[in-house]
Amino acid sequence: MKFRTEGIRFPPIVKLREAARKFVGSPDFLDLGQGLPGHIPPRRPLIAFSERILHPAVHRYTPDQGHIELREELALYLRRTSGVHADPHSEVTITAGANQAFAGTVLTIIGKGDNLIIPSPYYFNSVMAVQLVGGKVVDIPVGSGFQPVFEDIEAAVNKRTRGILLVSPNNPTGAVYNRQLIDQVVDLCMDRDIMLISDETYSQLVYDGSTHYSPRSRKDARDHVVTLGSFSKDFGMSGWRTGYLVGPSLFIEEFMKVQDTVTICAPTPGQFLALEILKTGLDAVESEVKRLGFLRDLAYLRIDQIVALETVRTGGTFYLFPQVKGCTDSRKLVLDILQSTKTLVLPGIIFGDAGEGHIRLSIGPLTTEAIDEAFDRLAKYFNSA
Ligand SMILES: Cc1ncc(COP(=O)(O)O)c(C=O)c1O
């Protein structure tokens, strides 16, 4: 039997985890591969949630668009944190994570032969989603500081372009895109009547004086921007599969066809927990975000001492994306690092050709001691290479 998906590469992290399997479970295995923070959701909302666990509503479908109280609370939160205005009834939808929001957006706007412009290095699931619907990705290598170059994006737009994806703060580079670039892309999307998909999964994880700019905060842009968000990272809720999407009401109406077919609604328990966190857990979330900032400081301090790694310090996320001097096969390098040091990092090539020669280190799940240990091992590995 022939499968439509055969031409699409297998999820790269699943493959790497297979290679790492013999080390996982060993007490000295260090995992810098997982794109996760170490914390779980805050205690107070978890307790409040657990007290509602016998309530039938927690176990049933919510409306397709999501629990209305959550949408209302989220709309207030987005206004406060990102200056985004959205009507919770017609412009907000709760999804099973930002990945489902993105895949659903692609299904809603991209047909066979259409294309989406994506700066590269990119988050690989974005590319896979476009390929799954028979669309084409036009990947545009970023410039210095991992910032996309507007003129390159503009030159790539053609008759079959349906949208442009910006992921800021970025996975894998951590780059927080500058406001001028984002505004130029918004103008371009309005001019060409295409959609800017703004993946803001890491919006709260900004450091070193960087600020997150959400394009939907521009009133005139609202018809041309779809904003994706996630509770996986800052809220520590990746297993609950809860995220959201904000977009113009006409788009949301079309998106509902996908939502109803694929999931009907986002998992209800996750919606209830996210609501509790928005109501009583934001202080705790803020301290976890700060804690991740300290981990970043430590990691950047340590990585600068490894001569073989050239690192650009970016303003967001818990990822470091150093270039390895002389490396032309990051996949091979990562397997060698794993064998030699029992430490898993990700090869830059899985984030597109522009990522080759780099490795991605996620320090999100680590303690300070584990970060020290990881960089001791990496220093030893590269210094003896
Ligand atoms: C840029 C980006 N978007 C979306 C996601 C997926 O988020 P969620 O867990 O909400 O589906 C990730 C996860 O790593 C990501 O890095």
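**Exercise 1. Domain separation and contact**

Task: For this predicted model, state how far apart the C-alpha centres of domain 1 and domain 2 lie, and describe the contact between the two domains.

Solution.
- Step 1. The distance between the C-alpha centres of domain 1 and domain 2 is 25 Å.
- Step 2. Domain 1 consists of 4–41 + 283–383, and domain 2 of 44–281.
- Step 3. To the contact, domain 1 contributes 37 residues and domain 2 contributes 39 residues.
- Step 4. About 3,000 Å² is buried between domain 1 and domain 2, and carbon and sulfur atoms account for 65% of this area.

**Exercise 2. Polar links across the domain boundary**

Task: Determine how many salt bridges and how many residue pairs in polar contact are counted between domain 1 and domain 2, then describe the side of domain 1 that touches domain 2.

Solution.
- Step 1. Two salt bridges are counted between domain 1 and domain 2.
- Step 2. The polar contacts between the two domains comprise 17 residue pairs, with both residues at pLDDT 80 or more.
- Step 3. On the side of domain 1 that touches domain 2, α1 (12–20) and α10 (282–303) each supply at least two residues.
- Step 4. Helix α10 gives the most to that side, with eight residues.
- Step 5. By residue class, the side of domain 1 that touches domain 2 has 19 nonpolar, 11 polar and seven charged residues.

**Exercise 3. The surroundings of Asn170**

Task: Decide whether Asn170 is buried or exposed, and list what Asn170 touches.

Solution.
- Step 1. Asn170 sits in the loop between β5 (161–167) and α7 (179–192).
- Step 2. The relative accessible area of Asn170 is 3%. Buried means under 20%, so Asn170 is buried.
- Step 3. Its side chain is in polar contact with the side chain of Thr173, at 3.1 Å.
- Step 4. Leaving aside residues up to four places away in sequence, Asn170 touches Pro121, Ala175, Tyr177, Thr317 and Tyr319.
- Step 5. Of these, Pro121 is placed in the loop between β3 and α5, and the peptide bond leading to Pro121 from Ser120 is cis, with omega near 10 degrees.
- Step 6. A cis bond is also found in the loop that holds Asn170: Pro169 lies in the loop between β5 and α7, and the Ser168 to Pro169 bond is cis, with omega near -10 degrees.

**Exercise 4. Helix α5**

Task: Which residues of helix α5 are buried, and what covers them?

Solution.
- Step 1. Helix α5 covers residues 124–132, and Phe124, Ser126, Val127, Met128, Ala129 and Val130 are buried in this helix.
- Step 2. The cover over the buried residues of α5 includes α1, α4 (97–109), β3 (115–120), β4 (136–141) and β5.
- Step 3. After α5 comes Gly134, with a positive phi near 80 degrees.

**Exercise 5. Three salt bridges compared**

Task: The structure holds 21 salt bridges. Place the pairs Arg162 with Asp114, Glu288 with Arg291 and Asp376 with Arg302 in the fold, and give the accessibility of each partner.

Solution.
- Step 1. In the salt bridge of Arg162 with Asp114, the closest N and O atoms are 3.3 Å apart. Arg162 is in strand β5 and Asp114 in the loop between α4 and β3, 48 residues apart. Arg162 is partly exposed at 30%, whereas Asp114 is buried at 6%.
- Step 2. Glu288 and Arg291 form a salt bridge of 2.6 Å, N to O. These two residues both belong to helix α10 and are three residues apart, about one turn of the helix. Glu288 is partly exposed at 22%, and Arg291 is partly exposed at 28%.
- Step 3. Between Asp376 and Arg302 the closest N and O atoms are 2.7 Å apart. Asp376 lies in helix α12 (residues 368–383) and Arg302 in helix α10, so this pair ties together parts 74 residues apart in sequence. Asp376 is partly exposed at 40%, while Arg302 is buried at 15%.
- Step 4. Elsewhere, Arg179, Asp183, Asp187, Arg218 and Asp220 are joined into one network by salt bridges that share partners.

**Exercise 6. Positive phi outside glycine**

Task: Locate Asp193 and Ile264, and report the phi and accessibility of each residue.

Solution.
- Step 1. Most residues other than glycine have a negative phi.
- Step 2. Asp193 has a positive phi of about 55 degrees. Asp193 is in the loop between α7 and β6 (195–199) and is exposed at 60%.
- Step 3. Ile264 has a positive phi near 65 degrees. Ile264 is in the loop between α8 (249–262) and α9 (268–280) and is partly exposed at 27%.

Notes:
Residues are numbered from 1 along each chain as its sequence is written. This is a predicted model: local features need pLDDT of at least 70, side-chain atom pairs count only at pLDDT 80 or more; totals for chains, interfaces and linings use all residues. Side-chain values use heavy atoms; hydrogens and water are left out. Domain bounds come from an automatic or database domain assignment. Contact means heavy atoms within 4.5 Å. Buried area is the accessible area (1.4 Å probe) that two parts lose on being put together, summed over both. A salt bridge is a side-chain nitrogen of Lys or Arg within 4 Å of a carboxyl oxygen of Asp or Glu. A polar contact is a pair of N or O atoms within 3.5 Å; within protein, one must be able to donate a hydrogen and the other to accept it, and residues adjacent in sequence count only if both atoms are side-chain atoms. Helices (H or I, at least four residues) and strands (E, at least two) are DSSP runs, numbered from the N terminus. Ala, Val, Leu, Ile, Met, Phe, Trp, Tyr, Cys and Pro count as nonpolar, Asp, Glu, Lys and Arg as charged, and the others, Gly among them, as polar. Buried means under 20% relative accessible area, exposed over 50%, partly exposed in between (1.4 Å probe, protein chains only).
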